[in-house]
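User: I would like to go through this structure with a few plain questions about its salt bridges, pockets and domains. Please give the reasoning with each reply.

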Amino acid sequence: MERLDKYLTERGKGSRKEVQKLIRSGAVCVNGTICKKPEAKLNEQSDTVTVSGEKVDGDKFIYIMMNKPAGVVSATKDNHDKTVIDILPDEFKRPNMFPAGRLDKDTEGLLIITNDGEFAHKMLSPSKKVYKQYEAELDGEVTGDTIYAFKNGITFSDGTKCMPAELIIHDKSRKNTAIVKICEGKFHQVKKMFAACGLKVVHLKRISIGNLYLGSNLTIGCCKKLTKLDIESIFIGNIH
Ligand code: URA
């Protein structure tokens with residue numbers, strides 16, 4: 001059971017004060033009957049709530065796919081730069097949302113923004129083997145030696161060892177563009193892995209997390225709400 005005002009705040013209907021005002025104004029119905037008590041208790045599973053006649057999405061957790069643009073930081077707050085939370089459209093905003101994992105400021109592509117900490121932990125934990133794929137453009141050609149080094153596990157100059165990673169060249173005529181598959185998220189990991197092989201990453205884009213793909217329809221800077229099936233697909237049939 002949850003208080004009506006808390007329920008509405010958690011589902012993005014305004015601050016606690018704002019939703020209390022809304023409830024007292026008579027705009028909120030519970031199971032078809034106007035409820036003017038902010039403290040009224042709800043059964044989140046079975047009760048239906050409307051605000052001004054519109055049904056409130058009852059799901060407590062929300063999962064947003066963003067095609068992150070370069071130039072914004074993967075943080076909730078920043079004193080200098082715009083964050084991915086700043087550019088999140090209002091319709092997707094809920095309290096306590098955060099990016100599940102970080103992409104560098106200059107990295108583009110698939111980023112999930114959520115308010116579900118348990119999900120983020122599961123998705124990011126290397127032991128869960130959720131592979132993330134990145135498309136990397138480099139300042140030189142990827143050789144067989146680089147592919148072999150990635151497969152063996154790269155060691156950074158400070159001694160940090162990476163887990164084995166896959167490096168694929170899809171287009172043999174463009175050997176300076178490769179797909180990297182990793183299941184860890186060390187700081188600047190992809191850039192540092194290539195740097196250990198003498199290559200500089202000039203453009204980096206994340207294209208998938210598990211079996212969830214960015215695809216080509218979501219333009220840079222745009223967002224879409226993920227379904228339960230989308231979220232499940234992250235964990236089903238991971239590529240090992
Ligand atoms: N590896 C990097 O180096 N940068 C990213 O943004 C993501 C992975």
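Analyst: This is a predicted model. A place to begin is a pair of residues that are both buried, Arg11 and Glu2.

User: How far apart, N to O, are the side chains of Arg11 and Glu2 in their salt bridge?

Analyst: Glu2 has a relative accessibility of 5%, and buried means under 20%, so Glu2 counts as buried. Arg11 is buried as well. Their side chains meet in a salt bridge, with an N to O distance of 3.9 Å.

User: Which residues are joined with Arg11 into one network by salt bridges that share partners?

Analyst: Arg11 also meets Glu10 in a salt bridge, at 3.6 Å from N to O, and Glu10 is buried, as is Arg11. Glu2 in turn forms a salt bridge with Lys6, where the closest N and O atoms are 3.3 Å apart. Through shared partners, the residues joined with Arg11 are Glu2, Lys6 and Glu10.

User: Is Lys6 buried, partly exposed or exposed?

Analyst: The relative accessibility of Lys6 is 33%. Buried means under 20% and exposed means over 50%, with partly exposed in between. Lys6 therefore counts as partly exposed.

User: How many salt bridges does the structure hold?

Analyst: The pairs discussed so far include Glu2 with Lys6 and Arg11 with Glu10. For the structure, the number of salt bridges is 15.

User: What are the domains of the chain, according to the domain assignment?

Analyst: The assignment gives domain 2 two segments, 63–126 and 212–235. The C-alpha centres of domain 1 and domain 2 lie 28 Å apart. The domains are domain 1 (2–55), domain 2 (63–126 + 212–235) and domain 3 (131–209).

User: Between which domains does the largest pocket lie?

Analyst: The largest pocket holds about 450 Å³ of space and is lined by 24 residues. Among the lining residues, Arg102, Leu103, Asp104, Lys186 and His188 lie nearest its centre. Two domains both give residues to the lining, so the largest pocket lies between domain 2 (63–126 + 212–235) and domain 3 (131–209).

User: Which element gives the most to the lining of the largest pocket?

Analyst: The lining of the largest pocket divides into nine nonpolar, six polar and nine charged residues. The elements that give two or more residues to this lining are β10 (132–138), α5 (189–195) and β13 (201–209). With three residues, the element that gives the most is α5.

User: What is the volume of the second largest pocket?

Analyst: The residues that line the second largest pocket include Asp59, Lys60, Phe61, Ile62 and Tyr63, along with Asp116 and Lys225. By class, its lining has five nonpolar, one polar and five charged residues. The volume of the second largest pocket is about 190 Å³.

User: Which backbone atoms does the side chain of Asn115 reach, one in Lys60 and one in Ile62?

Analyst: Asn115 sits in the loop between β9 (108–114) and α3 (117–124). Its relative accessibility is 14%, and the limit for buried is under 20%, so Asn115 counts as buried. Lys60 and Ile62 are among the residues that line the second largest pocket. The side chain of Asn115 reaches Lys60 at its backbone oxygen, at 3.0 Å, and Ile62, at 2.9 Å, at its backbone nitrogen.

Terms used. Residues numbered from 1 in each chain as written. Predicted model: local features only at pLDDT ≥ 70, side-chain atom pairs only at ≥ 80, totals over all residues. Heavy atoms only, no water. 1 Å grid on protein atoms, 1.4 Å probe; cavity = no way out; pocket = protein on both sides within 12 Å on 5 of 7 lines; lining within 4 Å. Points joined across faces, edges and corners; volume = space filled by probe spheres on them. Helix = DSSP H or I, 4+ residues; strand = E, 2+ residues; numbered from the N terminus. Nonpolar A, V, L, I, M, F, W, Y, C, P; charged D, E, K, R; others polar. Domains from an automatic or database assignment. Salt bridge = Lys/Arg side-chain N within 4 Å of Asp/Glu carboxyl O. Buried < 20%, exposed > 50% of the residue type's maximum accessible area, 1.4 Å probe, protein only. Polar contact = N/O pair within 3.5 Å; in protein donor to acceptor, adjacent residues only side chain to side chain.
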